[in-house]
Amino acid sequence: MSALLETKRLKKYFSTPRGMLHAVDDVDLSIERGATLGVVGESGCGKSTLGRTVIRLLDATAGEVLFDGRDVMKMDKSELRQFRNQAQIIFQDPYASLNPRLTVSEIIAEPLIAGHVMRHPADIEKKVFKMMDTVGLAARLVNTYPHELDGGRRQRIGIARSLVLDPQFIVCDEPVSALDVSIQAQILNLLMDLQREKKLTYMFITHDLSVVKHISTEIAVMYLGKCVEHGPAKAIFANPLHPYTKALLSAIPIPDLSQRGKKRELLTGEVSSPINPKPGCRFASRCPYASQACTQQDIQLQDFGGGHYAACCALNASDQ
């Protein structure tokens, strides 16, 4: 399979009174067609900024985003409009992301009208009902408003809106974090069913590792704007390499009383500032294996075989 989306040395900085905040810094990723890349990390690590930058809701500071071989950052207005039809996003908050003054049908139809994809009202109505049926929304809800619905139905509206243009690629920005556990399972299963049916490609952003294990083909672990580990989901869960990844995995709750004594990887130390960061590993101040070498220069991702990469100078290529 060929990669549908690639990032090359992608950077997104924000200007603050104290200096430049490095939200995304030199991130190289690749997502195969029909695959799901799970992007995980603590709040504030740059996950959502990465997702919004790859579909150009935010302009990159530097680097490239190649979608089907074309650089998204160099697209003109006409090319960008075509790209919007192929790349969509599902936002985290299923209420704040919907216009409270529009009905369900108007929300789902909005991309068709704004993108000049359909003009005839009968065609638009037919497409809206088809999308509602696809995501499991009853036809009787067509004229209701977001505030009249629960979180699960609101998120289904967001999914229908993202699918109505028949895109190839969707950024799922923590689409289940605001939902109850039972509703989370329904939405995840819906996303996976839609992926199989429509051959969709996902970037799935979350801080819930149990969720990312369930849905992802590959996983990228981010820490303060940097990708510190990247590889197949099975490999990362079976053999995490970076100390930060090990700490994240050890924090997953296990509903088994026999595992009560399982050792946890506890992190201590101060979190480094992402504003004008110094050279070196940004995790060094919290890493139990940190040495002087970790703070002398930026640590690049190393290949440990099987497409499994990690950025840690405490590891050797023999540590697999």
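Which side chain of opposite charge is nearest to R161, and how far away is it? The first legend takes that up; every view comes from a predicted model.

**View 1. R161, a buried arginine without a salt bridge.** The nearest side chain of opposite charge is E110, and it sits 5.1 Å away from R161. A salt bridge needs a side-chain nitrogen within 4 Å of a carboxyl oxygen, so the pair doesn't make the cut. R161 belongs to helix α5, which covers residues 151-163. Leaving aside residues up to four places away in sequence, R161 touches Q88, F91, S97, L98, I107 and P111.

**View 2. Helix α1, mostly covered.** This helix takes in residues 47-54, and six of its eight residues are buried. If you want to pick them out, look for K47, T49, L50, G51, T53 and V54. As a reading aid, an α-helix has 3.6 residues a turn, so residues three or four places apart point the same way.

**View 3. R56 and D59, just past α1.** Right after α1 comes R56, with a positive phi of about 65°. The side chain of R56 meets that of D59 in a salt bridge, at 3.0 Å from N to O. How covered is each partner, buried or partly exposed? R56 has a relative accessibility of 17%, so it counts as buried. D59, at 45%, counts as partly exposed.

**View 4. R286 and E42, a link across the sequence.** These two form a salt bridge, with the closest N and O atoms 3.2 Å apart. R286 lies in the loop between α9 (243-250) and β11 (302-303), while E42 lies in the loop between β3 (36-40) and α1, so the bridge ties together parts that are 244 residues apart in sequence. R286 counts as buried, at 11% relative accessibility. E42 is partly exposed, and its relative accessible area is 30%.

**View 5. R9 and D26, a bridge between two strands.** Here R9 and D26 form a salt bridge, and their closest N and O atoms are 3.2 Å apart. R9 is in strand β1 (residues 3-16) and D26 in strand β2 (residues 19-32), which puts the partners 17 residues apart. Both ends are partly exposed: R9 has a relative accessible area of 48%, and D26 has 22%. K11 joins in too, since R9, K11 and D26 are linked in a network of salt bridges.

**View 6. Stepping back to the whole protein.** Nine helices and twelve strands make up the secondary structure. The C-alpha trace spans about 65 × 55 × 45 Å along its principal axes. What radius of gyration does the protein have, and what would a compact globule have? It comes out at 21 Å; with 320 residues a compact globule would be near 20 Å, so the two agree. Of the 320 residues, 48% count as buried. Among contacts between residues at least 6 apart in sequence, 65% join residues at least 24 apart.

**View 7. Surface and charges.** The accessible surface comes to about 15,900 Å², and carbon and sulfur atoms account for 50% of that. There are 38 positive and 35 negative charges, and their mean positions are 1 Å apart. The salt bridge count for the protein is eleven, and the R9–D26 pair is one you have already met.

Key: Residues are numbered from 1 along each chain as its sequence is written. This is a predicted model: local features need pLDDT of at least 70, side-chain atom pairs count only at pLDDT 80 or more; totals for chains, interfaces and linings use all residues. Side-chain values use heavy atoms; hydrogens and water are left out. Helices (H or I, at least four residues) and strands (E, at least two) are DSSP runs, numbered from the N terminus. The radius of gyration is taken over C-alpha atoms; the globule rule is 2.2 Å times the number of residues to the power 0.38. Buried means under 20% relative accessible area, exposed over 50%, partly exposed in between (1.4 Å probe, protein chains only). Contact means heavy atoms within 4.5 Å. Accessible areas come from the Shrake-Rupley method with a 1.4 Å probe; for residues, only the protein chains shown count as cover. Lys and Arg count as positive and Asp and Glu as negative; His and the chain ends are not counted. The place of a charge is taken as NZ of Lys, CZ of Arg, CG of Asp or CD of Glu.
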